[in-house]
Amino acid sequence: MTRIFGPPLLSLRFVPVWRRNLLVWRKLAIASVLGNLADPLIYVLGLGYGLGSILPEVGGVSYVTFLAAGMVCSSTMNTASFEAMYSAFSRMHVQRTWDAIMNTPVNLDDVVLAELVWAASKSFLSGLSILVVIWALGLSSSPLSFWVLVLTPLIGLTFGALGLAMTALAWNYDFFMYYFTLVMTPMMMLSGVFFPVEQLPAPFQAVAAVLPLRHAVELARPLLLGQVPAQVPLHFAVLLAYAGAGFYAAMILFRRRLLK
Amino acid sequence: MNGVALAAHNLRKRYDGQDVVADVSFGVAPGECYGLLGPNGAGKTTTLRLCLGLTDPDTGSVVLMQKPVPGEARAARLRVGVVPQMDNLDPDFTVTENLLVYGRYFGLGEGVIRDRIPQLLEFAGLSSRAASRIQALSGGMKRRLTLARALINDPDIVFMDEPTTGLDPQARHLIWERLKQLLAEGKTLVLTTHFMEEAERLCARLAIMDRGRFITEGSPRELIARHIEPHVVEVHGDGVMGWADGEAAKLASRLERSGDTVFCYATEPAPLLASLSSGEELRYLHRPANLEDVFLKLTGRELRD
């Protein structure tokens with residue numbers, strides 16, 4: 001029992017597992033970066049300029065500028081979620097890569113930690129590539145926008161941990177569709193990615209207040225606009241709390257599944 | 001290395017109220033090849049997982065390479081190689097990359113691993129395939145690479161879960177030859193199998209498992225001598241059942257029927273053979289008893305899936 005519910009046993013043995021994922025990524029790096037860019041770019045250009053051209057200012061700035069911050073957050077969220085769900089599930093269940101690794105001195109806890117750190121690493125790369133586009137389009141010119149690079153791996157840890165908990169429960173890829181359609185899509189609508197949360201009815205605003213993506217957006221948007229965000233410790237604490245709780249839940253679920 | 005390489009004591013593991021492994025105790029000496037035989041679902045793989053510390057026993061204890069498992073399983077596994085039942089080579093990597101990445105999991109330095117790779121590729125007969133992708137390998141090549149991968153840390157003991165299942169005879173014989181080579185180098189092997197020929201060729205000692213329990217343990221010859229008559233006459237053809245009920249029942253010490261074949265077990269086969277040569281329509285095969293006869297006697301002939 002202690003083995004199932006005990007705190008995660010973390011060690012540096014996770015590093016070779018992280019390097020394994022990095023080596024795979026390097027083989028497909030160009031396609032991966034293009035994939036990271038295409039989706040947010042389509043939204044920023046399509047919605048931002050298309051929809052933006054018929055909208056007045058949103059939140060005091062042009063719509064495309066408003067949307068850019070939302071896209072940084074939702075794209076890093078998506079990157080971490082995909083990595084922690086589809087890719088990790090492939091390695092765990094389809095390719096049995098985890099089984100092979102656990103026959104060595106690397107423990108399950110190390111493997112799960114490696115997957116989490118890897119998801120956060122990919123989030124960072126995804127966030128960086130979008131930021132480069134934002135800077136190139138002139139949508140943000142403040143030095144404060146560099147702080148978003150610190151934020152992206154934190155978003156990655158949060159949604160990577162939640163995604164891993166889903167993976168621990170999944171028996172096929174279809175399972176992840178529930179999470180995407182029932183959790184992630186509504187969260188994007190409620191978190192101020194596409195429009196200000198203040199547009200929502202009061203009960204929805206109350207829900208939005210506890211969503212991790214909302215807190216990520218609350219940090220990213222002012223930073224891109226060159227302002228210091230309000231309540232920085234609160235937003236960090238919420239993201240870290242989701243990351244910690246998600247990781248611990250994932251750990252328990254993976255142990256029950258794989259060490260029984 | 002002194003003492004025992006692996007000692008399991010009174011292992012028990014239950015899933016859903018059913019014993020998958022029950023009262024299993026055994027020891028493996030350094031340099032020995034020890035076999036776990038049993039039909040599908042006998043508990044062989046679970047026993048291996050318990051020995052490696054990949055799952056906790058409900059009761060009982062394991063000492064692997066002088067380390068208590070699961071307590072110090074990580075330290076124990078530094079000295080262990082594992083060939084799993086299902087191939088789980090990394091499909092995104094080449095042959096060489098598979099070995100390199102696997103060596104890192106043991107904390108080995110890049111230089112140490114790169115020095116070992118050529119020897120391991122030669123051992124596996126894959127020297128010309130170093131840069132091949134895994135998808136381009138045949139089943140036999142994949143198995144050999146999996147064996148080479150299990151040796152990347154130069155282990156003292158290698159666990160193999162059905163190492164030749166699904167291979168053609170050529171590939172199987174090559175694996176057997178390599179395993180004998182490892183034994184000659186002084187490595188300890190623990191393997192599960194349901195190929196009796198494999199067990200007879202490789203294992204100094206083996207245990208037959210069924211329904212989670214050890215039924216018997218010993219060298220292949222001891223098991224044959226202990227459990228079964230030395231001669232077997234397999235008989236089939238029209239009228240075989242009548243012959244079995246009549247003459248054979250008197251001449252053989254034991255009879256087994258399977259489909260339309262009668263297996264006659266005897267210490268002295270001459271009277272049986274004489275009886276058969278007078279009956280024209282019966283066809284027969286006379287052979288020495290082997291491990292498979294022991295296995296089938298102890299675990300029964302009905303299907304297990």
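Two residues are taken to be in contact if their C-beta atoms, placed from the backbone, lie within 7 Å. With that in mind, a good place to begin in this predicted model is Ile228(B). Leaving aside neighbours within four places in sequence, Ile228(B) is in contact with Tyr265(B), Ala289(B), Asp293(B), Val294(B) and Lys297(B). One of these partners, Lys297(B), is 69 residues from Ile228(B) in sequence, yet their C-alpha atoms are 8.2 Å apart in space. Ile228(B) itself sits in the loop of chain B that runs between α8 (220-227) and β11 (231-236). Although it belongs to a loop, Ile228(B) counts as buried because 21 other C-beta atoms lie within 10 Å, and the cut-off for that class is 20 or more.

Before going further, a word on confidence is helpful. Chain B has a mean pLDDT of 93, with 98% of its residues at 70 or more. For the complex, the predictor reports an ipTM of 0.92 and a pTM of 0.93.

Attention now turns to the nonpolar interior. The largest nonpolar core holds 163 residues, and Ala68(A), Cys73(A), Ala220(A) and Cys264(B) are those with the most contacts inside it. The biggest contribution to this core comes from α4(A), which gives 17 residues. From chain B, domain 1 (6-218) and domain 2 (229-288) each provide at least three residues of this core. In soluble globular proteins, nonpolar side chains tend to be buried together. Around Cys264(B), residues up to four places away in sequence not being counted, the partners are Val233(B), Val235(B), Ala248(B), Ala252(B), Leu255(B) and Leu272(B).

In chain A, helix α3 (residues 29-51) is also worth a visit. This helix has 23 residues and spans 32 Å from its first C-alpha to its last, close to the 33 Å expected at 1.5 Å a residue. Its buried residues include Asn36(A), Pro40(A), Val44(A) and Gly48(A). An α-helix has 3.6 residues a turn, so residues three or four places apart point the same way. The buried residues of α3(A) pack against α4 (63-94) and α6 (108-136) of chain A.

Finally, the two chains meet in a contact that takes 21 residues from chain A and 20 residues from chain B. On the side of chain A that touches chain B, α2 (14-27) and α5 (97-102) each supply at least two residues. The most come from α2(A), with six residues. By character, the residues on this side of chain A comprise nine nonpolar, five polar and seven charged.

Note on methods
Residues are numbered from 1 along each chain as its sequence is written. Chains are lettered from A and ligands numbered from 1 in the order in which they are written. This is a predicted model: local features need pLDDT of at least 70, side-chain atom pairs count only at pLDDT 80 or more; totals for chains, interfaces and linings use all residues. Helices (H or I, at least four residues) and strands (E, at least two) are DSSP runs, numbered from the N terminus. A residue is buried if 20 or more other C-beta atoms lie within 10 Å of its own, exposed if 12 or fewer, and partly exposed in between; C-beta atoms are placed from the backbone. The expected span of a helix is 1.5 Å times one less than its number of residues. A nonpolar core is a set of buried Ala, Val, Leu, Ile, Met, Phe, Trp, Tyr and Cys residues joined through C-beta atoms within 7 Å. Domain bounds come from an automatic or database domain assignment. Ala, Val, Leu, Ile, Met, Phe, Trp, Tyr, Cys and Pro count as nonpolar, Asp, Glu, Lys and Arg as charged, and the others, Gly among them, as polar. pLDDT is the predictor's confidence in each residue, from 0 to 100.
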